[in-house]
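User: Please take a close look at one part of the structure shown below, namely the packing of its helices, and then place that part in its wider setting. A connected account would be preferred to a list.

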Amino acid sequence: MTESRLYALQRLSAVLMAPMVITHLITIMIAVRGGLTAEEILARTQGFSLWAVFYTFFVIAVAIHAPLGLRKILIEWMKASTRIANGIALILSLGVLALGLRAVIAVTGGGV
Amino acid sequence: MTSNHPRWSISYMAFVLHRLSGLALALFLPFHFLVLGLAIEGEAALDAMLVWTENPLVKFAEWGLVVLFGLHLMLGLRVLILEWAPWSGGLRHGWVLAGVALAMLGGFGFLAGVIG
């Protein structure tokens, strides 16, 4: 994939995630009130809900966004070769996607 | 995005903070997902980990992550606006300072929730 397409993907994922990040931050502040318990978290997220859809898209977007950011840091700051940076970014992307979707299934009960 | 600004200028600090906050959040993500994934094994497994997160040191780290999350959001929006829209004048620096203030406010909101 060309640099310009990777750049576009990075920025597009950023635009999609901005409102999601605000929603997630507000959710965190509400959720921590009175301490976190599994019962409370799962009561909010279990079953078919907008949360499942929301967090599925959030995970997909972050699995694109974070590895591309890391790739830039590796190339520009760590002087890594493009090939190595691409490899590390791809591993991180697949790892985040797999672990993230597993987490969504775990807290929503697979109700996507 | 690369930065041509002199070091220690507000613009350069914003550039560095944006990258470092993103790096910290990227490294945290796998652990965050692993913890939430414990719910697959049932409520008890997730609760066991959540008890551990009541440790003040962990809460402090969580507070730091919330601040970095807000900071990365605000500095990321700055990059998008800088790249896609004509933007000049003092507001550019004002945005960075407002971003830091909002991130700290987010951190305060988190602490208020934890303590309250």
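Analyst: **Packing around H3 of chain A**

In this predicted model, H3(A) passes H4(A) in a right-handed crossing. By class, the residues in contact between H3(A) and H4(A) comprise 22 nonpolar, six polar and one charged. A pair of packed helices is described by two quantities, the angle between the axes and the distance between them. For H3(A) and H4(A), the axes come within 8 Å and cross at roughly 160°. Since angles over 145 degrees count as roughly antiparallel, H3(A) and H4(A) are therefore roughly antiparallel to each other.

H3(A) also packs against helix H1 of chain A. Here H1 covers residues 3-31 and H3 covers residues 50-76, and their axes come within 9 Å while crossing at roughly 140°. That angle makes H1(A) oblique to H3(A). The crossing of H1(A) past H3(A) is left-handed, whereas that of H3(A) past H4(A) is right-handed.

The residues at this second packing site can be named. From H1(A), the participants are A:Leu6, A:Leu9, A:Gln10, A:Ser13, A:Ala14, A:Leu16, A:Met17 and A:Met20, and they meet A:Phe54, A:Phe58, A:Ala61, A:Val62, A:Ile64, A:His65, A:Leu68 and A:Gly69 of H3(A). Sorted by class, the contact of H1(A) with H3(A) has twelve nonpolar and four polar residues, and no charged residues.

A:Leu9, which lies in helix H1 of chain A, shows this contact at the level of one residue. Setting aside neighbours within four places in sequence, A:Leu9 is in contact with A:Ile64 and A:Leu68. A:Leu9 counts as partly exposed because 14 C-beta neighbours lie inside 10 Å. The C-alpha atom of A:Leu9 is separated by 14 Å from that of A:Phe57, a residue 48 places away along the chain.

Past the end of H3(A), the loop that leads to helix H4 (82-108) of chain A holds A:Lys79. Most residues other than glycine have a negative phi. A:Lys79, although it is not a glycine, has a positive phi of about 55°. With 8 other C-beta atoms within 10 Å, A:Lys79 is exposed.

These packings sit in a chain whose secondary structure comes to four helices and zero strands, in the order α-α-α-α along the sequence. The C-alpha trace of chain A spans about 45 × 25 × 20 Å along its principal axes. Of the 112 residues in chain A, 28% are buried. Among contacts in chain A between residues at least 6 apart in sequence, 78% join residues at least 24 apart.

Chain A does not stand alone: 30 of its residues are in contact with 32 residues of chain B. On the chain B side, the elements giving two or more residues are H1, helix H2 (43-52), H3 and helix H4 (91-115). Of these, H1(B) gives the most, with ten residues. The side of chain B that touches chain A is made up, by class, of 18 nonpolar, ten polar and four charged residues.

Chain B has an H3 of its own, spanning residues 56-84. This helix has 29 residues and reaches 42 Å from its first C-alpha to its last, close to the 42 Å expected at 1.5 Å a residue. Its buried residues include B:Val66, B:Leu68, B:Phe69, B:His72 and B:Arg78. B:Leu68 counts as buried because 21 C-beta neighbours lie inside 10 Å. Apart from residues up to four places away in sequence, B:Leu68 touches B:Ser21, B:Ala24 and B:Leu25. B:Leu68 and B:Ala24 are 44 residues apart along the chain, yet their C-alpha atoms are separated by 8.1 Å.

Helix H1 of chain B, residues 10-37, contains B:Arg19. This arginine is buried, with 20 other C-beta atoms within 10 Å, a count that meets the cut-off of 20 or more for a buried residue. From B:Arg19 to B:Leu38 the separation is 19 residues in sequence and 30 Å in space, C-alpha to C-alpha.

Terms used: Residues numbered from 1 in each chain as written. Chains lettered and ligands numbered in written order. Predicted model: local features only at pLDDT ≥ 70, side-chain atom pairs only at ≥ 80, totals over all residues. Expected span 1.5 Å × (residues − 1). Buried ≥ 20, exposed ≤ 12 C-beta atoms within 10 Å, placed from the backbone. Contact = placed C-beta atoms within 7 Å. Nonpolar A, V, L, I, M, F, W, Y, C, P; charged D, E, K, R; others polar. Axes fitted to C-alpha atoms, helices over the stretch in contact; angles between N-to-C directions. Parallel < 35°, antiparallel > 145°, perpendicular 65-115°, else oblique. Left-handed = near helix turned anticlockwise from the far one by under 90°.
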